[in-house]
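Here are two short exercises to work through with the model open beside you. Keep a viewer handy and try each task before reading its solution.

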Amino acid sequence: MSRVVVIGAGIGGLASAVLLANRGLSVMVVEKNATVGGKMNRVISNGYTFDTGPSLLTMPFLLEQLFDECGQVFDDFLQIEELDPLCRYTYSDGTTFDNYSDRKKSIQEIATFAPSDTENYLKFLDRAEQIYNKTADAFLFNPLYSFGDFLKVNPLKFLGIDAFSTVAHKVDDTVNSPYLRQFFKRFTTYNGSSPFRAPATLNVIPHVELNQGGYYVRGGLYRIAEALYELAIKLGVDFTFSSEVNSITIENKKVKQIVLETGSVIACDLLFSNSDATETLVKLLPDGTISQRKKEKQKNIEPSCSGFVLLLGCNRKWENLIHHNIFFSSNYEQEFADIFERKMLPDEPTIYVANSSFTDTHHAPENASNLFVLVNAPYLHNSQNWEEITPNYANKIIDILQKSGLEKLRESIEFQQIITPEDFYAKYRSNKGSIYGTSSNDKFSVFLRPRNKSREIDNLYLVGGSTHPGGGIPLVLQSAFNAVTLFDRDRRN
Ligand SMILES: Cc1cc2nc3c(=O)[nH]c(=O)nc-3n(C[C@H](O)[C@H](O)[C@H](O)COP(=O)(O)OP(=O)(O)OC[C@H]3O[C@@H](n4cnc5c(N)ncnc54)[C@H](O)[C@@H]3O)c2cc1C
């Protein structure tokens, strides 16, 4: 029986492991950290529970498909629920907008602050759905590896998916209200890109949340990682934790073994790497196994943005907070210029606050709140000094939130932890601390991400947010489906 090694127990690694074990293969996952989940992680302290990575699940059908394919009943593992409203937006002038996947409810809200834009809102959502229908089979649910895969991409369709305009241009063309403009531009951050640079094809993202729905997982999003781990154990997958892979040994264009930091070696017939593609291709593979040109291209690929996170355990509640909350800055364009061009934390940030204790009372003591506070941050660059920046910036975020209606926030904090871009690299080896893999700021980024199987090394497969089709839970799951599809093809040949 072939021995498969999977490097990394992130969502991509776990999904690959269960799909492969379900095919009767002997699978071992080797993970640097002591727990599963990678960037989908959790902190429990002082009676507070925080998801420290994802807080919103979209396209849950991919997760259901994974359990289905493994012959399991999804509901036996996870309970998901749609949030209603999806999110509360607070603008810099105090205007608020509760947004729902129910169009009628959203329209009622919009009528109060942008009455002339209600039809345009619907027009935007219909357009997002059209783009999804034109692109999903060609770009998402397609490994884009073989000639046959590329035949599914009709170049003429490029004309109908707004690939040659930016998200910001198309949004501004469709809606007039500055509130709705900022609202629709925000979705580009779901894969860590800038709405002012990314192709307008990414206006597909509002479709998956606003038309298909945004979900919470009972117990917290980390339950997904736990459920995949339970399933993997059930299917006989072995795990080796606290073991970082230092290199991959190649012989005759095939992976022969992996070498751990401790010097131990693990032989394998197949290798699935869920480590960031830049780590795998540039650091773990020995020189000469892939071309220098390819290595340089991978080194220079633009990562997604990173995140600056505060976990705040607060001994009170606020009436104006629901589960998901956004406090918008007054100058969105400047914010993205700060992040992607100046590579600095934004002077005036938009702040996301997930308050899961609103839905899940077990996540905080009675009458208390577990606030996961996230600001989009630049990926790591040698001009930054995080030790110097971090305490001041954390204070600045707390000041802004206090001014935005979370009165007496500072004095209510009884637990605090800060996570910076440096932590995302140190803990998960994410390329330059990126949190969604590679950015989609380039209109050709769908073709720039490494495919889910190496073209140079016969038995090496790549999964995770830095590979095709991209970052975020659903796309990472899809990367595992793609990689296993390519493996199945190889087996048949
Ligand atoms: C703050 C934050 C908020 C987010 N919000 C959302 C959201 O709301 N919704 C959403 O869908 N997505 C969200 N995301 C993105 C989502 O979390 C990621 O896209 C996804 O979890 C990445 O999974 P992955 O499989 O690519 O790998 P990772 O999570 O990066 O896991 C890779 C694993 O490999 C291990 N590893 C790396 N190198 C080695 C090595 N050499 N040896 C051994 N092990 C190694 C790492 O330790 C890690 O466990 C968010 C991410 C963050 C950080």
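**Exercise 1.** Work out which helices and strands supply at least two residues each to the shell around the ligand, and how the shell splits by class.

Solution. Start with the elements: helix 1 (11–21), strand 14 (306–314) and helix 18 (473–492) each supply at least two shell residues; helices (H or I, at least four residues) and strands (E, at least two) are DSSP runs, numbered from the N terminus. The largest share, 3 residues, comes from helix 1.

Before going on, note that this is a predicted model, where local features need pLDDT of at least 70, side-chain atom pairs count only at pLDDT 80 or more, and totals for chains, interfaces and linings use all residues. Residues are numbered from 1 along each chain as its sequence is written.

Next, take the whole shell: 37 residues surround the ligand, with G8, G10, G12, G38 and G464 the closest (near means a C-beta atom, placed from the backbone, within 6 Å). By class, 15 are nonpolar, 16 polar and 6 charged, with Gly counted among the polar residues.

**Exercise 2.** Find the strand order of the open sheet with 5 strands, then place helix 1 against it.

Solution. First, the order is 9-2-1-13-19, with parallel pairing (two strands pair if DSSP finds at least two bridges between them). Strand 9 (238–240) and strand 19 (460–462) are the edges, each pairing on one side only.

Now look inside: 5 bridges join strand 1 (residues 3–7) to strand 2 (residues 26–30), and R3 has S26 as its bridge partner in strand 2.

Finally, helix 1 lies across strand 1, strand 2 and strand 13 (270–273), at about 165° to strand 2 (axes are lines fitted to C-alpha atoms, for helices over the stretch in contact, and angles run from 0 to 180 degrees between N-to-C directions; contact means C-beta atoms, placed from the backbone, within 7 Å).

Conventions. Two residues are in contact if their C-beta atoms, placed from the backbone, lie within 7 Å.
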